[in-house]
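Grab a coffee and open the viewer. Here are a few exercises to work through with the model on screen, each followed by a solution.

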Amino acid sequence: MSAQPPVADFKNNAPEALANNMVQTAMRRAGGGFVTKRAVARDALPEFDALRDAARDLKNHTLANLDIYLERYEQAAIAAGAQVHWAETVEDAQKIVLEICERVKRGPKAVVNKGKSMISEEIDLNHALEAAGHRVIETDLGEYIIQLRGERPSHIIAPAVHVTREQVESDFRASHPQLDPSRRFPDAASLVREARSVLRGKYFEADVGITGANMLIAETGQSVIVTNEGNGDLTQSLARAHVVVASLEKIVPTLDDASTVLRLLARSATGQKSSVYTTFSSGPRRAQDPDGPEEYHVVLLDNGRSNMLGSEFEDMLRCIRCGACMNHCPVYQSVGGHAYGAVYVGPMGAVLTPSLRGVERGGQLPNASTFCGRCEAVCPMRIPLPKMMRHWREREFERGLTPGAARYGLKFWAFFARRPWLYRACASLGMRLLAWRAGSRGRFAWLPLGSGWTKHRDFPAPQGATFQSQWAAAKKKQGRAAGGGSGEGADLGGDGGGSGD
Amino acid sequence: MSARDRILDRVRRQAGGSSARALQGVAQRLQSLEQTSPVPAIASTAGPDARLRQFIAEAEAVQASTTVLPDFSSLPAALAEELRRRNLGPTFRMGTEAAFTELDWTSLDLSQGKGRLREPATLSRAFLGVAEVGAVVLLSGPDNPVTLSFLGETHFIVLRASEIEPGFEGAWARLRSSGRESRTVNFIAGPSRTGDIELTLELGAHGPIALHIFVVQD
């Protein structure tokens, strides 16, 4: 029961998400938890911003020499007993994993356990495995919940953030018919306990355990996973074969470089100083080992990344998938991850999706931004996300993929923008008209052509003069005051100022 | 041309080709193994006492519990006491760790080997500790099977105070000089947890529900 591949139709999905009470309830409950926790963790580490610079530099160095590092990584991994596979496309990656499953299965079909992996979502692995008749079990609690629901992750580190506790309870009742139907779930803990006991036995049945990799280390040939639940470790240690699916840009040169990324990753993602489990794996179990997998495979996925190198989207390859950009994104926080109709969501998804799937299929997503810039401000790898979204918008426009209404709207605006005197005259007239129509309330609950905005919040009526005329007035005044009270201009604009009553 | 060669070829073209200088630069970085990033003050605590205090504070901040023991020989009694205090039976499982096998365990029912489906209590010897994050580092092998760290409902870990490194950098140095090539190197900071249901933190996800660290004074 795997979910259908998502469709990146943000324009139609977003209004549905805004109207969906369950999504809205879940997003509200999850709320700003991540934002506060990250801020506390950042404030507790004075070197945080210096580490961001260092992480950016080390990743840039790695990307500039990626061919050499990939070869060094491969050498080290093979020396430790790994089997390294290279996949150019989604289909190639699926085929490699399917062949491993066919070979190591003990029954008629393989039992495949999975830890959380965004790359496995990118290559639509569950779908491919199930189509071939294999049994796939997601073991991360959030992934398990959405697998039961036949859905896709809505957040890269909290995949079931859109699901309420009540929904999880009814999913568990439906999916665990072997358990006492009169059992009670008074709290989230009781749901966690049930998932733990149901999944515990499954680890021992697995032929193949699939995990992602937060990093691949060129120095040692190790793959690294960072988790809190311990499912990724049970998945890889109890299966016959451990298969790591990872993309090319996950390489870091050395263990010391890994620590720089680790110091930023958990703090940016969940506000933790460190995740509970950071596991470095290399090769299969050693000759004397009583446990661990008999085979260790790494599938290195390209899927468009080599073409991002050297382009204006290369910076995106520094991404460590912490999710800070979506946690701080007002658009993501309003509509949730499913509205993006893509594997990668939020600001990082808006940039990465068109790179991986083409501007025709993912080009709408870079428009799902207010360009407020919070994503770039919090990105631990200092990725200029708004700039890259703008690049995509330009490409979308150049290729005529922008919808007609938007194109005409832009042309209309450009006509005025090129004639400043006309722009100012019309803006001033329009504002007075709006202020008059709004009356004493100062807000609009409905506007012609503006229902997309006013359905979910009021539109503030303009108060008095335009920004430009206020700016000019303030400049004049400032000049007169000769150096006094220079901060006044900063309060211009915005709708938080005094109301018109 | 294989997929590998085609991918590397594309990467090489975009990265500007692997010049002799680039090759040398990479080789040097992989050989010198120096930390090129800033090392935070919290990863540079000097003095064994301060490091021990930081390690304990950080471990307890992530819901691990700790006991400081005067020496290894007091471990069996301390473990028996912890099991009793937690209403667990006087039984546990461990690997072939030499530091454990030479101790007198007559008061407890011990078994040896990898982890099984039901494993109420397990005991492991850590390779080192990291004060920066309150984590212990375990190396997989017959002496400390990796599955004991994840299948034990309560996981007991033993560490010497002198094995506590201030930060990650010290851990890498010790790992490199140890010559150990274990399949897994496991950093563990506290018992397992999840926030996957409405971002409510719950301890005891898939790994241990409780984690207790015995720090042995040298």
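The exercises below use a predicted model, and they go from domains to the interface, the shared sheet and the salt bridges.

**Exercise 1. Find the domains of each chain and say what separates their centres.**

Step 1: Start with chain A, which is divided into domain 1 (67-307) and domain 2 (420-484). Over C-alpha atoms, 52 Å separate the centres of these two domains of chain A.

Step 2: Now do chain B. Its domain 1 covers 1-32 and its domain 2 covers 40-216. Here 40 Å separate the two centres, again taken over C-alpha atoms.

**Exercise 2. Describe the contact between chain A and chain B: how many residues does each chain bring, and how much area is buried?**

Step 1: Count the residues. Chain A puts in 99 residues and chain B puts in 74 residues.

Step 2: Turn to area. The size of an interface is often given as the accessible area lost when the parts come together. For this pair of chains the buried area is about 7,300 Å², with 58% of it on carbon and sulfur atoms.

Step 3: Look at the polar side of things. There are 45 residue pairs in polar contact between chain A and chain B, counting pairs with both residues at pLDDT 80 or more. On the side of chain A that touches chain B, helix H11 (residues 188-205) of chain A gives the most, with 10 residues. Sorted by class, that side of chain A has 46 nonpolar, 28 polar and 25 charged residues.

**Exercise 3. Trace the open sheet of eight strands: what is its order, and which are the edge strands?**

Step 1: Write down the order, S8(A)-S5(A)-S6(A)-S9(A)-S9(B)-S6(B)-S5(B)-S8(B), with mixed pairing. The edge strands are S8 (251-252) of chain A and S8 (164-165) of chain B, each pairing on one side only.

Step 2: Check where the chains meet. Strand S9 (residues 277-281) of chain A pairs with strand S9 (residues 184-188) of chain B in the antiparallel sense, over five bridges. To spot this on screen, look for Tyr277(A), which stands opposite Ile188(B).

Step 3: Move out to the chain A edge. Strand S5 (residues 215-217) of chain A and S8(A) pair in the parallel sense over two bridges, and Ile217(A) has Val252(A) as its bridge partner.

**Exercise 4. Find one salt bridge between the chains and one within a helix.**

Step 1: Begin with the totals. The whole structure has 49 salt bridges over all chains, and the count between chain A and chain B is 14.

Step 2: For a bridge between the chains, pick Glu132(B) and Arg263(A), whose side chains meet at 2.6 Å, N to O.

Step 3: For the other, go to helix H4 (residues 48-64) of chain A, where Asp53(A) and Arg56(A) lie three residues apart, about one turn of the helix. Their side chains form a salt bridge at 3.6 Å, N to O, which falls within the 4 Å cut-off.

Conventions: Residues numbered from 1 in each chain as written. Chains lettered and ligands numbered in written order. Predicted model: local features only at pLDDT ≥ 70, side-chain atom pairs only at ≥ 80, totals over all residues. Heavy atoms only, no water. Domains from an automatic or database assignment. Contact = heavy atoms within 4.5 Å. Buried area = accessible area lost by both parts, 1.4 Å probe. Polar contact = N/O pair within 3.5 Å; in protein donor to acceptor, adjacent residues only side chain to side chain. Helix = DSSP H or I, 4+ residues; strand = E, 2+ residues; numbered from the N terminus. Nonpolar A, V, L, I, M, F, W, Y, C, P; charged D, E, K, R; others polar. Pairing = 2+ DSSP bridges.
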